[in-house]
Amino acid sequence: MQQPHESPPLPPGSARVLVVDDDPTVSEVVAGYLDRAGYVVDRADDGPTALTRAAAHWPDLVVLDLMLPGMDGLEVCRRMRGHGPVPVIMLTARGDEDDRILGLEVGADDYVTKPFSPRELVLRVESVLRRSRPATGARVLGAAGLTLDPGARRATKDGIELALTLREFDLLAFFLRHPGRAFGREDLMHEVWGWEFGDLSTVTVHVRRLRGKVEDDPARPQLIRTVWGVGYRFEPGSDREPGPDREPGPDREPGSDREGE
């Protein structure tokens, strides 16, 4: 993939969205709804074409089908993220829970299951883009060697920049703003994702990915700790020997002995 270059100027207030789906009907409908919502839309029907389009005009967001011919959506996401930060909404087949989790593990910021309402997808696009914009006037946050600048959308650990996705950044910011407080996965989904309901494994996967970037030993986390039966708590001043803080499976509520609770 070529290095992305600056896209030509867009109309004021608009954003460029790359829609990648090999189903021409889905692609056309999604592009149509996004166009009517005021977005500039590029389209691709396979992975290599998507990478070429992105290199030519770097998108503000990508709507990416997981099941593409040849190069699948996971690999497309990996390659794009290797060239620069970009929010990704993954399209997955209904019921393919493993695929959704894989997409989140790769770094997708959101996912929508097929069949879906195009209006819902537009709302998801608006939500992700709104959260991706730098926060003006927000104070710099810091604790335990971590520094997070909401205005610059930049986070470091011990002075080294962290490669965080949009949701990982927002999740870390939320934890830094609320040290010492325990939050359930439902609370985090509402506060960080802005969803009233959804698949709680989304939160679990993002916590695991964030631990992998901010903890000295992700297998024995000291900063983002599991509160069994509740959820998670950020402990910036913890100097205790870490306990058995093994992350539960994607479908287990921390502290639950039963799957899916």
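**A tour from strand β5 to two loop residues**

Start by selecting leucine 91 and valine 112 together, since valine 112, in β5, is the bridge partner of leucine 91. Bear in mind as you look that this is a predicted model.

Now widen the selection to residues 88-93, which form strand β4, and to β5, and you will have two strands that run parallel and are joined by 5 bridges. Keep β5, residues 110-114, on the screen and show the rest of the structure around this strand: 4 of its 5 residues are buried, so the strand is largely enclosed by the rest of the structure. While the strands are in view, it may help to remember that side chains in a regular strand alternate between the two faces of the sheet.

Next, select lysine 114 and proline 115, and look at the peptide bond that joins them, which is cis, with omega about -10°. Proline 115 itself belongs to the loop that lies between β5 and α5, the latter covering residues 118-132.

From there, move along to arginine 153, which you will find in the loop between β7 (146-149) and β8 (154-157). Its phi is near 55°, a positive value in a residue other than glycine. Is arginine 153 buried or exposed? With a relative accessible area of 23%, arginine 153 is partly exposed.

Finally, select aspartate 158, in the loop between β8 and β9, where β9 is residues 160-161. Aspartate 158, which is not a glycine, also has a positive phi, near 50°. If you display the surface here, note that aspartate 158 has a relative accessible area of 60% and is exposed.

Notes:
Residues numbered from 1 in each chain as written. Predicted model: local features only at pLDDT ≥ 70, side-chain atom pairs only at ≥ 80, totals over all residues. Heavy atoms only, no water. Buried < 20%, exposed > 50% of the residue type's maximum accessible area, 1.4 Å probe, protein only. Pairing = 2+ DSSP bridges.
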